[in-house]
Amino acid sequence: MKTELCDRLGIDVPIFAFSHCRDVVVAVSKAGGMGVLGAGTYTPEKLREELDWIDEHIGDKPYGIDIVLPMKIPGLPDIEDVDELTQTLLAKVPDEYFEYAESLLEAHGVPAWDANDPIKLMGWTEATTRPLFEEALNRDKASLIVNALGTPPKDLVDRAHERGKLVGALTGKPKHVESHKVAGVDIIIANGAEGGGHVGEIGSIVLWPQLVDAAAPLPVLAAGGIGNGRQILAALASGAQGVWTGSMWLTVEEAQAEPAQKQSLLDASSEDTVVTRSWTGKRARVLNNDWNKSWENQSELKPLGLPLQGLVTADAWRRTEKYAGVADTQKVALNIAGQVIGQFNEVQTVRQVFERLFEEYLEASSHINDLNKDLF
Ligand SMILES: Cc1cc2nc3c(=O)[nH]c(=O)nc-3n(C[C@H](O)[C@H](O)[C@H](O)COP(=O)(O)O)c2cc1C
């Protein structure tokens, strides 16, 4: 399973794990893969705290940081101060949007937010993301910085390279590869439509080989729908140099989440996810529930674009996470997950997941070898 990219990054196996949870990041890197902290919605202070903890616990292993380096958002005011930008953007959102979101939460018994911290703009803009990037640059063990939506600005890529870091970027379309290459991106992450979070429309098995060809000589990581060793083998057979996974780590023991949220994920089948713009304004795959259905089924309020819809839903996001087990919260909760979530029905540790993946991968490889025996 070892590929050239493993040597470049100093890891044993090319299994990359996106997670918002620092414990998962550390456990994956310690197991020989690479944990990547999803920091897109963090404040710089929170990111600093999490990275301090990771640096302290990860030993000499490398890790990655995923931040949403902004692509151009049409009409976004050029304001650097995050509070001022938040207020300016909030003023653009019609009241009906907040009222509708609140009515859904109230109807499902989701308690009000009990702290006095107003909604802040999450990631996804230059103003919120540049400080996160600066924090990532300063971390010696963070050998990989990844961008989620669009091509990262070239000046940031250059500065990451000066610090000896590799830069990855997700894409769901072959035509985006060229601009990634021009910006100097080192690793293309081919994110198929069945994955959790923001996705395009092309399914993994079609996307991966197309992106491997388009990206050459750059290495590709295959993403979207990988949860067992057979799927890893399929990704490597497509020409990918590794796998980039997200949903698989939501249900592991190390993943911190309210029990009710984890249970929703454990209970879900592969048919229970849907792509919706109702949370961020961009197509994102999540567990289907009353929240998504209500937004899709009413005709008055179409989801706003990014980042405005994120402001509309930020309160719902934090409240449904915190009060996951209260009343009917799960029916309106944000549970980002890909179709592969249907494969995870019990809680395992990261270490157990790695053992399972190796076993399945070897069994599948030996099956293919058997099939090939008679060819020669
Ligand atoms: C809970 C969750 C949150 C995600 N948030 C982000 C994000 O902030 N940035 C990003 O690059 N990808 C994000 N993703 C997508 C993952 O990086 C990855 O591409 C995807 O999970 C792969 O598909 P899979 O879910 O089938 O493994 C998220 C995925 C999940 C499951």
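Me: Hi! Which residue follows helix 5, and what sign does its phi have?
Reply: Gly109 follows helix 5, with a positive phi near 75 degrees. Helices here are DSSP runs of H or I with at least four residues, strands are E runs of at least two, and both are numbered from the N terminus. One caveat early on: this is a predicted model, in which local features need pLDDT of at least 70 and side-chain atom pairs count only at pLDDT 80 or more, while totals for chains, interfaces and linings use all residues. Residues are numbered from 1 along each chain as its sequence is written, and side-chain values use heavy atoms, with hydrogens and water left out.

Me: Thanks. How far does helix 5 reach from its first C-alpha to its last?
Reply: Helix 5 covers residues 95-107, 13 residues, and reaches 18 Å, close to the 18 Å expected at 1.5 Å a residue. The expected span is 1.5 Å times one less than the number of residues.

Me: And which residues of helix 5 are buried?
Reply: Tyr97, Tyr100, Ala101, Leu104 and Leu105. Buried means under 20% relative accessible area, exposed means over 50%, and partly exposed is in between, using a 1.4 Å probe and protein chains only.

Me: Why do they line one face of the helix?
Reply: Looking down the axis of helix 5, the buried residues fall within an arc of 135 degrees, so they line one face. That arc is taken from the directions from the helix axis to the C-beta atoms. In general, an α-helix has 3.6 residues a turn, so residues three or four places apart point the same way.

Me: What's on the other side, and what covers the buried ones?
Reply: Asp95, Glu99, Glu106 and Ala107 are exposed on the other side of helix 5. The cover over its buried residues includes helix 12 (290-297) and helix 13 (308-322), with contact meaning heavy atoms within 4.5 Å.

Me: New topic: how many aromatic pairs are there in the whole structure?
Reply: Seven. Rings of Phe, Tyr and Trp (its six-membered ring) pair if their centres lie within 6.5 Å; planes under 30 degrees apart are stacked, over 60 edge-to-face, and the rest tilted. Among them is the stacked pair of Tyr97 and Trp295, at 6.2 Å centre to centre with 25 degrees between the planes. It links distant parts of the chain, Tyr97 in helix 5 and Trp295 in helix 12, 198 residues apart.

Me: Are those two buried or exposed?
Reply: Tyr97 is buried at 8% relative accessibility, and Trp295 is buried at 1%. There's also Trp279 with Trp291: their ring centres are 4.5 Å apart and their planes at 15 degrees, so that pair is stacked. Trp279 and Trp291 are both buried.

Me: Which residues do ring pairs link into a cluster?
Reply: Tyr97, Tyr100, Trp279, Trp291 and Trp295.

Me: How many disulfides does a search of the whole structure find?
Reply: Zero, where a disulfide is a pair of cysteine sulfur atoms within 2.5 Å. Cys6 is buried at 1% relative accessibility, and Cys21 is buried at 9%.

Me: Last one: where are the cis peptide bonds you can point to?
Reply: One joins Ala216 and Pro217, with omega about 10 degrees; Pro217 is in the loop between helix 9 (204-215) and strand 8 (220-223). Another runs from Leu306 to Pro307, with omega near 5 degrees, and Pro307 lies in the loop between helix 12 and helix 13. As background, most peptide bonds are trans.
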